[in-house]
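User: I have a list of labels for this model and would like to see each one earned. Could we go through them together?

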Amino acid sequence: MTFEALNLMPVILKNVHSAGYDTPTPIQRATIPLVMAGKDVLGCAQTGTGKTAAFALPMIQNLAKHPPRPGMPRVIRSLILTPTRELALQIYENFMIYGKGLPVYPTVIYGGVGQQQQVDALHRGADVVIACPGRLWDLMNQGYVRLDWVQTFVLDEADRMLDMGFIHDVRRIAAKLPEKHQTLLFSATMPPEVEKLAMDLLDHPETVKVDPVSSTVKAIDQCLYMVDKANKKHLLAHLLSAPDVENALVFSRTKHGADRIVRELKRAGIDACAIHGDKSQNARQAALTKFKTGECKVLVATDIAARGIDIAGLSHVFNYDMPMEPEAYVHRIGRTGRAGRTGNAISFCCIDEIKQLEQVEKLIHQHLPRRESDWPMLITTPSEPKPRQPRPSKLNAQGEAAPQRKSRVPQPRKGQPVVIGKDGKVREAQPPKRQNQAQAKNAAPQSRPPIGRPVQRVNKRRNG
């Protein structure tokens, strides 16, 4: 089947072919006709199989066929929610490519930057809004966004959008939508409990599942190195020096770990940059652009880059740390081997990550082939878990724990008797009780020292 067989407009077909797409993927062939027919869709397919185009192409066609009337303001008719800023920007770029030459105007909304440019774009008018839930809800509360005319509502990476971290924002936003609208949910992984939750937002949906859910792309060559934690940096630098590694995306479990990996690679003479949630949006976008243009060979990231980020021609993905959630493994390695290309996914596992490795292999129904290196795993005893530090009650402006204030113990005044309570605290003795009025009258008057002759006031009669 070709894209022409999907009844797409000639302008869209031209844009699709210009983007390098020849034939639609299975998820695109099954989904595009349903979306154009106005059906609710729950789409599940392997990562890297073109889910963005599966909903973007029919949405652009439906919007282009029904432009706003002359003289009428341009209102939001399509809303797309995504879990990360990078994915929101990528979907926006795809809409610009697929809708080139058509009267369809998208805009993107996300946090981490000033809101004025986004507000100005909304004032100019937008048919499609691609947004992260937090910033969108903020602008809605400020009165800049109204969803009264939304016709199509999309949740991309729906398993992440509907987990406990996003469900409240999603439900608040969905409650503001018109009663009658189309809902589309897409993801590479869809656990049963999340699928049940998704059904609450869908109305008699058509379910499209291509290949086993949570499976990995066959074109990706996967392997595993058992290595001690301290030797991971040496193994990574050695593998990155291989001539077949054109570019590489390295996944770290933590933000501090990502920065540490970058420093260690630079010591080994390998140029690398990091992207994670503690960096500003401008810094994250600059690092991603530097990596996509080939200026930087290695990009070290947390799972913020595991969802939907499309990097053309990515040759290798390294799991420096095994993910805590097994589903994240599928999304991580799905950054390579996209659009029918081949790719390589290499994972490191130390003794403390055996449990995470077992969960990954159980999810993908596959035993990762082991490979040997110059740094075999020698430590076979799991390390003792670190005691959990109490969370600081206050943070300073840099987000660090504020120093604890020393409690001030009251010091007794000179000559004042003290009392030590049961709690060991020192207190001053209570002063004697004040006398009441009856006691004060009976008490002997105290003699006061003379303070001088009193002043006598004389009222002189005014002449009038």
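User: What makes Asn7 exposed?

Analyst: Its relative accessible area is 60%. Exposed means over 50%, buried under 20% and partly exposed in between, using a 1.4 Å probe and protein chains only. With 60%, Asn7 therefore passes the cut-off for exposed. Asn7 sits in the segment before H1. One note on the basis: this is a predicted model, where local features need pLDDT of at least 70 and side-chain atom pairs 80 or more, while totals for chains, interfaces and linings use all residues. Residues are numbered from 1 along each chain as its sequence is written, and side-chain values use heavy atoms, without hydrogens or water.

User: What is the phi of Asn7?

Analyst: Asn7 has a positive phi of about 65°, although it is not a glycine. Most residues other than glycine have a negative phi. His365 is another non-glycine residue with a positive phi, here about 55°.

User: Where is His365 found, and how do you know whether His365 is buried or exposed?

Analyst: His365 is in the loop between helix H14 (354-364) and strand E14 (370-371). Helices (H or I, at least four residues) and strands (E, at least two) are DSSP runs numbered from the N terminus. His365 has a relative accessible area of 72%, so exposed is the right label for His365.

User: How do you know that the buried residues of H1 line one face of the helix?

Analyst: In helix H1 (residues 10-18), the buried residues are Ile12, Leu13, Asn15 and Val16. Viewed down the axis of H1, they fall within an arc of 165°, so they line one face. That arc is taken from the directions between the helix axis and the C-beta atoms. The face turned away from the buried side carries the exposed residues Pro10, Lys14 and Ser18.

User: Which loop holds Pro24, and what makes Pro24 buried?

Analyst: Pro24 belongs to the loop between H1 and helix H2 (26-36). The relative accessibility of Pro24 is 3%, so Pro24 counts as buried. Pro24 and Phe3 are 21 residues apart in sequence and 6.0 Å apart in space, C-alpha to C-alpha.

User: What makes Arg74 and Asp127 a salt bridge?

Analyst: The closest N and O atoms of Arg74 and Asp127 are 2.7 Å apart. A salt bridge needs a side-chain nitrogen of Lys or Arg within 4 Å of a carboxyl oxygen of Asp or Glu, so the pair qualifies. Arg74 lies in the loop between helix H3 (51-65) and strand E2 (78-81), and Asp127 in the loop between helix H5 (116-124) and strand E4 (128-131), so the bridge ties together parts that are 53 residues apart in sequence. Arg74, at 27% relative accessibility, is partly exposed, whereas Asp127 is buried at 1%. The count by this rule comes to 13 salt bridges.

User: How far apart in sequence are Asp169 and Arg172 in helix H8?

Analyst: They are 3 residues apart in helix H8 (residues 167-174), about one turn of the helix. An α-helix has 3.6 residues a turn, so residues three or four places apart point the same way. The side chains of Asp169 and Arg172 meet in a salt bridge at 2.4 Å, N to O. With 19%, Asp169 is buried, while Arg172 is partly exposed with 37%.

User: Which residues are linked with Asp321 in a network of salt bridges?

Analyst: The network links Lys232, Arg253, Asp321 and Glu353. Within it, the side chains of Asp321 and Lys232 meet at 3.4 Å, N to O. Asp321 is in the loop between strand E12 (316-319) and helix H13 (326-333) and Lys232 in helix H10 (residues 232-240), 89 residues apart. Both Asp321 and Lys232 are buried.

User: What makes Arg267 count as exposed, and which surface patch does it help form?

Analyst: Arg267 counts as exposed because its relative accessibility is 66%. Arg267 forms a positive surface patch with Lys229, Lys233, Arg260 and Arg263. Patch residues have over 30% relative accessible area and no salt bridge, with like charges joined within 9 Å and nonpolar side chains within 5 Å. Arg267 is in helix H11, and H11 (residues 255-267) gives the most to the patch, with 3 residues.

How values were computed
Areas by Shrake-Rupley, 256 points an atom, 1.4 Å probe, with all protein chains shown as cover. Lys, Arg positive; Asp, Glu negative; His and termini not counted. Charge placed at Lys NZ, Arg CZ, Asp CG, Glu CD.
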